[in-house]
Amino acid sequence: MTRAVDASRNCVQEPGKTDPTPSVGAVVVKDDEIIAVSYRGEDGPGDHAEFIALEKKLKGVDLKGATIYTTLEPCTNRGPNKTPCVEWIIEREFATVYIGSLDPNPDVRGLGQLKLRRAKIETHLFPQPWMGQVEELNKSFFDLFPLDDNKIQRTASEKTDPVEPGLEGPNGYPIGYDDEGNKVEWLPDEENPGEVWAMILRRADPAIHKEYNELWDKVWWNRHMVYSHDKGREECTGTGKLGCEGAARVEKKYGRENLGWSDIDWGLLQGRMSALSWVMGSEWNESLDT
Ligand SMILES: [Zn+2]
């Protein structure tokens with residue numbers, strides 16, 4: 001375990017990556033002898049420690065029954081055309097895997113160990129103090145994944161502010177993220193020269209606008225019908241003329257049978273419209289204030 005942790009100290013931050021990459025070391029033991037030591041990136045950026053040990057240093061060597069010590073849970077998912085380390089370990093018929101720490105990334109966390117268990121491989125986590133050393137060495141990587149399920153997890157590059165130098169929002173001012181992780185446009189504060197305030201952008205996807213407009217048509221139609229109903233008649237003359245024409249337009253566009261006119265239908269429409277309005281940047285209490 002000490003050899004594996006020490007090997008991981010050789011890892012360097014991968015060039016060109018904004019997010020911290022983990023430091024990982026691996027040691028392969030067969031018949032009580034260390035037959036390979038490796039670390040992530042040892043032969044170039046990106047190659048995992050276990051992959052380097054198994055496929056570069058021990059290619060063709062019979063590893064059946066061997067033990068591997070790896071300072072981070074073996075990965076379970078790699079890019080296209082790449083085999084995850086957990087599969088290399090299973091394929092080479094290791095008997096035992098010592099894992100320095102579970103991977104904090106929720107996409108991997110625990111899955112590597114479970115996959116090894118399904119393959120009937122004995123697994124252990126490093127005891128203290130080695131696990132503590134692994135965590136300490138990888139602090140910035142572990143910090144990328146706060147274990148708070150109620151919070152949206154964002155990577156460092158998603159939180160970088162401004163998002164990209166020179167990137168502008170709809171009003172021509174820089175885009176960034178506020179303290180709560182909302183995507184915002186920093187607009188000049190007219191009352192306090194030199195200060196900025198954050199206009200929440202969230203998403204302004206055309207598909208959302210289209211859906212929102214359709215919901216708004218339907219909500220409006222429902223309101224119009226209730227209004228007319230309450231008055232006991234539909235006014236199509238004088239001040240009621242515009243509303244009457246608008247309702248006819250909406251009915252023609254969507255078909256009256258698709259407009260729904262019950263409290264439940266109306267509630268659903270308003271709920272959906274509210275949600276989209278929020279996504280587009282409104283506060284909840286003003287999301288239907290149209
Ligand atoms: Zn891997």
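User: Which residue in β2 does G25 stand opposite?
Analyst: Welcome! This is a predicted model, in which local features need pLDDT of at least 70, side-chain atom pairs count only at pLDDT 80 or more, and totals for chains, interfaces and linings use all residues. Residues are numbered from 1 along each chain as its sequence is written. In β2, the residue opposite G25 is Y39.

User: How many bridges join β1 to β2?
Analyst: Strands are DSSP runs of E with at least two residues, helices are runs of H or I with at least four, and both are numbered from the N terminus. Two strands pair if DSSP finds at least two bridges between them. Strand β1 covers residues 25-30 and runs antiparallel to β2. The number of bridges joining them is 6.

User: Which strands are at the edges of the open sheet in the order β2-β1-β3-β4-β5?
Analyst: This open sheet has 5 strands with mixed pairing. An edge strand here pairs on one side only, and that describes β2 (33-39) and β5 (122-125).

User: By what angle are neighbouring strands of this sheet turned against each other on average?
Analyst: Axes are lines fitted to C-alpha atoms, for helices over the stretch in contact, and angles run from 0 to 180 degrees between N-to-C directions. For this average the direction is ignored, and the value is 15°.

User: At about what angle does helix α2 run to β2?
Analyst: Two residues are in contact if their C-beta atoms, placed from the backbone, lie within 7 Å. Helix α2, residues 49-57, lies across β1, β2 and β3 (67-70). Its angle to β2 is about 125°.

User: Is E93 buried, partly exposed or exposed?
Analyst: Most residues other than glycine have a negative phi. E93 has a positive phi of about 60° although it is not a glycine, and its place is the loop between α3 (85-91) and β4 (96-99). A residue is buried if 20 or more other C-beta atoms (placed from the backbone) lie within 10 Å of its own, exposed if 12 or fewer, and partly exposed in between. Because E93 has 14 such neighbours inside 10 Å, it counts as partly exposed.

User: And is K120 buried or exposed?
Analyst: K120 also has a positive phi, near 65°, and sits in the loop between α4 (111-118) and β5. With 9 C-beta neighbours inside 10 Å, K120 counts as exposed.

User: What is the omega of the peptide bond from Q128 to P129?
Analyst: P129 is found in the loop between β5 and α5 (130-137). Most peptide bonds are trans. The bond from Q128 to P129 is cis, with omega near 5°.
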